[in-house]
Amino acid sequence: MTGPDRLPVADARRTWAWLRLELRARWIGGTLAALVGVVGAAASVVPAYALGTLVDRVREHAPVSAIVPIAVVIVAAAVAGGAATGTATYLIGRVCGHMLADLRERTVARALSLPVTTLERVGKGDLLSRVSTDAASIGKAATSVVPTMISAFLLGVLSIAAMAGMDWRLGLAGAVAVPLYVAALRWYLPRAAPKYAAERHAVAGNSQLLVENMQGARTVHAYRLEQRRLRDIGDASHQVHDISLSVFTLFTRFVGRVNRAEFFGLAAILVVGFLLVRSGAVTVGQSAAAAVLFHRLFNPIGMLLFTFDELQAAAASLARLVGVVDLAPDPGDDPDRPGGGAGGPAGAGLELSGVRFGYDGGPEVLHGVSISLPAGARVALVGSTGAGKSTLAAIAAGILRPGSGTVSVGGVALPPDRLRAHVAIITQEVHVFAGPLIEDLRLARQEASPGEIASALSAVGALDWATALPDGLDTVVGEGGHELTTAQAQQLALARLILVDPAIAILDEATAEAGSLGARTLEESAAAATRGRTTLIVAHRLTQAAAADRVVVLEHGRIAEQGRHEELVAAGGRYAQLWRAWEARTPTSSSR
């Protein structure tokens with residue numbers, strides 16, 4: 001199940017297939033947990049059975065010496081049952097926990113490999129709710145609900161078997177409640193499943209609204225949209241509340257049906273026990289033991305049935321995570337396709353040939369663009385806003401897949417997943433990860449030594465301010481830490497580029513956010529970080545274009561002209577117009 005604005009959700013058949021496959025892969029741990037659980041359930045039945053024997057011994061006025069062994073058996077069974085049940089709970093939780101950890105990792109890995117266009121379409125809220133709220137729901141089920149259900153199920157089966165061992169009619173009387181329990185579940189489950197799925201869907205929508213408004217807080221304030229956006233969030237929250245209330249109402253009606261089953265089951269045992277005692281078929285102790293066994297099932301069976309409430313929520317969450325894991329890989333990443341095999345590029349040249357692209361089936365924004373960058377060349381891409389510069393840069397970096405055309409490195413056409421191994425891109429939107437500054441840099445190369453990190457920072461002119469931070473390179477930056485300026489964040493990204501050391505670098509307006517005062521410094525940092533690399537520069541500042549080996553002018557998704565800066569200015573075409581406008585806005589640019 002999916003929609004135009006949501007990631008897919010796996011159906012029940014696929015979800016159960018995934019679960020069976022995971023359990024099969026962990027059959028040793030699962031079998032051990034089940035065996036220990038059976039021992040725990042059997043030990044829990046023994047005290048009630050022994051209690052019946054004790055009642056009969058007391059009625060027969062047996063000496064104290066005959067009663068003490070029974071008391072010892074009861075205590076020993078209780079201790080053994082508690083230990084076995086606790087161990088079984090741990091083992092079941094361990095198996096389920098490993099399954100959840102694997103699922104969470106696979107979900108995040110698949111989400112990170114999704115095309116940017118997909119993430120932009122579905123929004124971050126839906127994905128975040130899956131890896132946070134849904135994963136937490138499954139985690140709770142894995143560590144508490146599933147062990148409780150298995151223990152309750154085993155205890156119920158063994159208790160009915162113990163009653164039948166005293167007299168088959170007592171076992172049959174206890175089994176009277178089973179169809180009533182089943183009827184309650186059959187009434188509840190079909191009604192609850194859609195409500196839990198709707199609740200998860202509503203929570204995802206609410207999360208999406210919250211994320212969008214938190215990220216766009218400045219825009220909301222600028223256009224005075226606070227009240228309108230608060231109303232939207234309030235409406236979404238009310239929808240979640242209403243669905244949750246309907247789920248709770250349904251659950252209380254389910255509890256009433258469970259209580260009815262308990263009443264009829266206990267009444268049947270008491271009546272049958274009375275008749276059997278009167279006829280001499282069973283003793284008073286056996287009848288009492290049967291009643292105690294069934295009464296002791298009230299709590300575990302109630303837990304078994306009531307945890308279906310949480311199990312339904314976990315199942316809905318599991319379907320949402322499996323839906324992400326099962327997303328079909330991009331067909332272009334098939335290793336059997338051209339460029340998808342093991343052969344690697346022989347050089348560092350970058351070539352885009354006949355590239356066409358449109359967002360989500362919309363009109364094309366690139367129309368057969370072809371650009372060639374020889375190894376080590378610096379090529380600037382310029383044009384008006386909306387010309388398709390950033391789209392072309394994202395395709396060259398393997399972030400977007402072209403509708404048609406190829407991207408080649410060293411003469412080898414590569415799919416996006418392999419292209420990203422040779423190309424690194426830095427955009428004007430740089431994220432500083434929360435944590436020590438040195439660890440932020442090690443995201444680029446985990447094994448980088450402090451000396452290599454210091455060298456990278458020095459190359460981009462960032463070492464002085466980095467070492468001057470309160471704790472030097474160990475200063476916590478990012479959210480909740482020391483706030484870096486826009487220029488510092490960009491230098492941090494450029495230092496990461498040096499640590500990654502790609503053959504090809506793409507700078508997508510990487511100095512645009514620094515302002516006039518910091519742009520010159522950032523341009524020098526960018527030049528140092530890309531020295532010796534094949535570099536494609538989406539030039540926001542035309543001084544970058546003037547310093548490039550070649551300039552490509554893109555207009556309306558097509559190449560309007562290309563050549564050296566001096567040639568294009570002399571030609572008097574579109575680039576000359578852009579350059580004159582730039583000079584008029586920044587008079588000192590000509591002197592540079």
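This passage looks at the salt bridges in a predicted model. In total, the structure holds 13 of them, and a few are worth walking through one by one.

Start with R106 and E22, whose closest N and O atoms sit 3.4 Å apart in a salt bridge. R106 belongs to helix α3 (residues 64-112) and E22 to helix α1 (residues 12-25), so this contact ties together parts that are 84 residues apart in sequence. The two ends of the bridge don't share the same kind of surroundings: R106 is partly exposed, at a relative accessible area of 32%, whereas E22 comes out at 8% and is buried. Nor is the pair on its own, since E22 and R106 are linked with R26 and D102 in a network of salt bridges.

A more local case turns up in helix α14 (residues 437-442), where E439 and R442 are 3 residues apart and thus separated by about one helical turn. These two form a salt bridge as well, with 3.1 Å between the closest N and O atoms. Here E439 is the partly exposed partner, with a relative accessible area of 39%. R442, at 19%, counts as buried, because the cut-off for that label is under 20%.

Then there's R564, which meets E566 side chain to side chain in a salt bridge, at 3.9 Å from N to O. That distance still qualifies because the limit is within 4 Å. R564 is partly exposed, with 40% relative accessibility, and E566 also counts as partly exposed, at 48%.

Terms used: Residues numbered from 1 in each chain as written. Predicted model: local features only at pLDDT ≥ 70, side-chain atom pairs only at ≥ 80, totals over all residues. Heavy atoms only, no water. Helix = DSSP H or I, 4+ residues; strand = E, 2+ residues; numbered from the N terminus. Buried < 20%, exposed > 50% of the residue type's maximum accessible area, 1.4 Å probe, protein only.
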